[in-house]
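Hello, and thanks for sharing this one. Here are some notes to read alongside the coordinates.

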Amino acid sequence: MDETSVQALTDAFTVSQIKRAKQSVSENKWNAFLSSTNHETVSMAHQLKGLQNNMSIYDSIDPDVVLDSLDLLKVFPDQHQQESTAAEDYTETQLRNLLHYFKNDFFLWMNAPECQHCGSKETKCVAHVQEPFEGRWTTETCRVEVYNCPLGHTTKFPRLNHPLNLLYSKTGRCGEWVNCFLMVAKCVIGGDFRYIWNVEDHVWCEFYSPHKQRWIHLDPCEAVMDEPLLYSENWGKAMSLVVGSGEDYMVDLSTKYITKNRITKPQIKQKDIQRCISLLNQTTLLQQLTRHNLQYLYVKAIVRKNKELKSQLSTTTQTPAMTTTIPKGRQSGSAEWTKQRGEDGL
Ligand SMILES: [Zn+2]
């Protein structure tokens, strides 16, 4: 047997061993963890587990389908309009352009759908159902909001989850916006992105800037970039936990994003949440070991994560100050809705 064959056999053996170890170790540890904590923390742990691997869907998407759906002349306007500054490199400027295009020319915010029979804007949500949705590129089963107008007509609003279906519907609330934006940004810009989840019902995303050597905040609904204090300082949003979930690791980003109005939830065991994130990271690392070599994981996951955790200890390096030109309060959604959610900045 030649050297290459031996190496291939060794690799295959290592991969199968890791897979087996991953299944038994992670499931046992995970179940032991769940039985060691209280009901509220278990429920939160399930939500965090749901975030794990949520970036992998974008890998399976054909970039040509996405690029064909965009007006690239608007994404990349005249060269002289998009010159990079010293503070922002070319990629970051492209991202800023993309955020503006996505909000102003591409995706629509949905408060409540107009009646599709009489055009009435006075529709009210009366029920939720689970229904299949047949999209142009893929089919999915999703939660559907059912609305009635004053004349009794019914209009349905499916809350789509597959980014390709969103590429066609081009409408939704923050979940749909971020989901579709991540797919578009990965196809147009490339690089590392991650999904950011706030327990108090908001999501956004981040991009890893090799230029700045740190993760940069991006909110597609607001077309705002690198303003992590947007929620606490500008909206006045009260939050308890913010978590980032990327391809390589999950991280608690509460200190980066929550600088005011922090909600404490005594029923959630903070130490157990940290343990949960650590367990999820162990399984992600094992999964990644079957796909990448150690050198890759060391540089991209381990060093980057440690650097990020270290920078959280010093808030000045992690959190840029809020730009004063941003209008006060949340811009996406109706005024009544943002007020009710405590996001109007007042
Ligand atoms: Zn109607």
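The points below go through the metal site, the empty spaces, one helix and one loop residue.

1. **What kind of model this is.** Please keep in mind that this is a predicted model.

2. **The zinc site.** Four side chains coordinate the zinc ion: Cys 115, Cys 118 and Cys 149 through SG, and His 153 through ND1, with distances of 2.2 to 2.3 Å. The angles among the four donor atoms run from 99 to 119°, and the site is tetrahedral. Along the chain, the donors are spaced as C-x2-C-x30-C-x3-H.

3. **What the zinc donors link.** Cys 118 sits in the loop between strand E1 (108–109) and strand E2 (124–134), while Cys 149 sits in the loop between E3 and strand E4 (154–159), so this pair ties together parts 31 residues apart in sequence. Are these two cysteines buried or partly exposed? Cys 118 is partly exposed, because its relative accessibility is 38%. Cys 149 has a relative accessible area of 6% and is therefore buried.

4. **The largest pocket.** This pocket has a volume of about 1000 Å³. It is lined by 33 residues, and those closest to its centre are Arg 159, Arg 173, Gly 175, Glu 176 and Asp 201. The elements giving two or more residues to the lining are helix H2 (39–51), strand E3 (139–148), helix H7 (174–188), E6, strand E7 (202–209) and helix H13 (335–340). H7 gives the most, with four residues. By class, the lining has 13 nonpolar, twelve polar and eight charged residues.

5. **The second largest pocket.** Here the volume is about 350 Å³. Of the 23 lining residues, Arg 96, Val 224, Met 225, Glu 227 and Ile 326 lie nearest the centre. Two or more residues come from each of helix H5 (90–106), strand E9 (224–225) and helix H8 (230–235). H5 gives the most to this lining, with four residues. The class count is nine nonpolar, six polar and eight charged residues.

6. **The cavity.** How many cavities of 30 Å³ or more does the structure hold? There is one, with a volume of about 80 Å³. Its lining consists of Asp 192, Phe 193, Arg 194, Trp 215, Gly 246, Glu 247, Asp 248, Tyr 249, Lys 300 and Arg 304. Strand E6 (193–198) and helix H11 (294–313) are the elements that give two or more residues to this lining. If you plan to look at the chemistry here, the lining has six charged residues, three nonpolar and one polar.

7. **Helix H10.** This helix covers residues 270–289, and at 1.5 Å a residue its 20 residues should span 28 Å; the end C-alpha atoms are 29 Å apart, which agrees. Its buried residues are Asp 272, Ile 273, Cys 276, Ile 277, Leu 279, Leu 280, Asn 281, Thr 283, Thr 284 and Gln 288. As background for reading that list, an α-helix has 3.6 residues a turn, so residues three or four places apart point the same way.

8. **Asn 261.** Where is Asn 261 placed? Asn 261 lies in the loop between helix H9 (254–257) and H10. With a relative accessible area of 41%, Asn 261 is partly exposed. Asn 261 and Gly 236 are 25 residues apart in sequence, and their C-alpha atoms are 7.3 Å apart in space.

How values were computed
Residues are numbered from 1 along each chain as its sequence is written. This is a predicted model: local features need pLDDT of at least 70, side-chain atom pairs count only at pLDDT 80 or more; totals for chains, interfaces and linings use all residues. Side-chain values use heavy atoms; hydrogens and water are left out. The expected span of a helix is 1.5 Å times one less than its number of residues. Buried means under 20% relative accessible area, exposed over 50%, partly exposed in between (1.4 Å probe, protein chains only). On a 1 Å grid over the protein atoms alone, a cavity is a set of points where a 1.4 Å probe fits but cannot get out, and a pocket is an open set with protein on both sides within 12 Å along at least five of seven lines; lining residues have an atom within 4 Å of a point. Grid points are joined across faces, edges and corners, and a volume is the space filled by probe spheres set on the points. Ala, Val, Leu, Ile, Met, Phe, Trp, Tyr, Cys and Pro count as nonpolar, Asp, Glu, Lys and Arg as charged, and the others, Gly among them, as polar. Donors are N, O and S atoms within 2.8 Å of the metal (3.2 Å for Na, K and Ca); water is not among the atoms, so sites may look incomplete. Four donors count as tetrahedral if all angles lie between 85 and 135 degrees; four count as square planar and six as octahedral if opposite donors are over 155 degrees apart and all others between 65 and 115; anything else is irregular.
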